[in-house]
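Could you walk me through this protein chain as if I had never seen it before? I'd like to know how it is put together and what sits where.

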Amino acid sequence: MQRMPKRNTCWVWRGLMGLWLFSTVWLCVPATSLAEERQFELRVVEGVLQGEDVVRVTEGDTLRIMLDSDRPLTVHLHGYDLEVSAAPGAPGELVFEAEFSGRFPVEIHAHGSDADHGTLAYVEVLPR
Ligand SMILES: [Cu+2]
């Protein structure tokens with residue numbers, strides 16, 4: 001009668017192959033697929049931002065910034081050169097991909113008032 005060979009080495013081999021496959025797939029996942037959609041609310045009362053003034057994300061993330069204000073205003077995100085307006089009862093929304101890393105000021109471009117000029121917040125985009 002013929003004896004069956006021991007199969008222990010086969011399980012070791014399969015384990016190694018599984019580990020290799022897992023690590024290869026993991027390393028091949030593009031960095032952008034780890035990007036998240038991040039949502040922030042900038043609430044402005046009488047030209048003053050309420051709450052945290054730094055929006056911090058990682059390069060590749062998609063930002064959704066909601067702007068709510070008790071008076072009409074437009075804000076400008078420098079560097080990305082994007083604008084969004086809001087008015088009482090009509091919040092604004094800005095959606096964009098954080099494709100450049102850096103620290104970018106968000107400035108108020110007021111409607112007819114010199115008092116509202118200035119930096120409202122910063123968007124910080126960390127390199128991935
Ligand atoms: Cu500006």
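Here is a walk through the chain, from its overall layout to a few individual residues.

Before anything else, keep in mind that this is a predicted model. The average pLDDT over the protein chain is 85, and 77% of the residues reach at least 70. Confidence isn't spread evenly: the lowest mean, 67, belongs to helix α1 (residues 8-28), while strand β7 (residues 92-97) has the highest, at 97. Take the helix with a little more caution than that strand, then.

Now for the parts list. The protein chain has one helix and nine strands. Reading along the sequence, you meet the helix and then strand after strand, in the pattern α-β-β-β-β-β-β-β-β-β. There are 128 residues in the chain, and 19% of them count as buried. Contacts also reach across the sequence: taking those with a separation of 6 or more, 61% are between residues 24 or more positions apart.

Let's look at how some of those strands line up. In general, strands of a sheet pair through backbone hydrogen bonds, either parallel or antiparallel. Here, four strands make an open sheet with mixed pairing, in the order β2-β1-β4-β7. At its edges are β2 (48-50) and β7, each of which pairs on one side only. From one strand to the next, the twist averages 30°.

Inside that sheet, β1 is a good strand to follow. With β4 it runs parallel, and eight bridges join the two. Gln39, for instance, has Arg64 in β4 as its bridge partner, and Leu42 is matched with Leu67 in β4. With β2, on the other hand, β1 runs antiparallel, and three bridges join them. One of the pairs you can look for is Val45 with its partner Val48 in β2.

While you're in β1, stop at Glu41, which is found in this strand. Is Glu41 buried or exposed? It falls in between: Glu41 is partly exposed, because 14 other C-beta atoms lie within 10 Å. Setting aside neighbours within four places in sequence, Glu41 is in contact with Met66 and Asp68. Its C-alpha atom is 8.4 Å from that of Arg64, even though the two residues are 23 apart along the chain.

Next, the turn that leads out of β1. β1 and β2 form a hairpin with two residues between them, and Glu46 sits in the loop there. Most residues other than glycine have a negative phi. Glu46 goes the other way, with a positive phi near 50°. Glu46 also counts as exposed, because it has just 9 other C-beta atoms within 10 Å.

A similar case turns up further along. Asp81 lies in the loop between β5 and β6, and its phi is likewise positive, near 50°. Asp81 is exposed, because 8 other C-beta atoms lie within 10 Å.

From the loops, let's move inside. Nonpolar side chains tend to be buried together in soluble globular proteins. In this model, the largest nonpolar core has 21 residues, and those with the most contacts inside it are Leu42, Ile65, Leu67, Val75, Val106, Leu120 and Val123. Many strands contribute: β1 (37-45), β3 (54-58), β4 (62-69), β5 (73-77), β6 (82-86), β8 (102-110) and β9 (118-126) each supply at least two of its residues. The largest share, four residues, comes from β9.

Leu67 gives you a good view of the surroundings. You've already met it as the bridge partner of Leu42. Which residues is Leu67 in contact with, leaving aside its neighbours within four places in sequence? They are Leu42, Val75, Val84, Ala86, Pro91, Gly92 and Leu94.

The last stop is Pro105, in strand β8. Pro105 counts as partly exposed, because it has 15 C-beta neighbours inside 10 Å. Not counting residues up to four places away in sequence, Pro105 touches His78, Thr119 and Tyr122. Its C-alpha atom is also 7.5 Å from that of Leu120, a residue 15 positions away in sequence. Leu120 should sound familiar, as it was listed among the residues with the most contacts inside the core.

Notes:
Residues numbered from 1 in each chain as written. Predicted model: local features only at pLDDT ≥ 70, side-chain atom pairs only at ≥ 80, totals over all residues. Core = buried A, V, L, I, M, F, W, Y, C linked by C-beta atoms within 7 Å. Buried ≥ 20, exposed ≤ 12 C-beta atoms within 10 Å, placed from the backbone. Contact = placed C-beta atoms within 7 Å. pLDDT = per-residue confidence, 0-100. Pairing = 2+ DSSP bridges. Axes fitted to C-alpha atoms, helices over the stretch in contact; angles between N-to-C directions.
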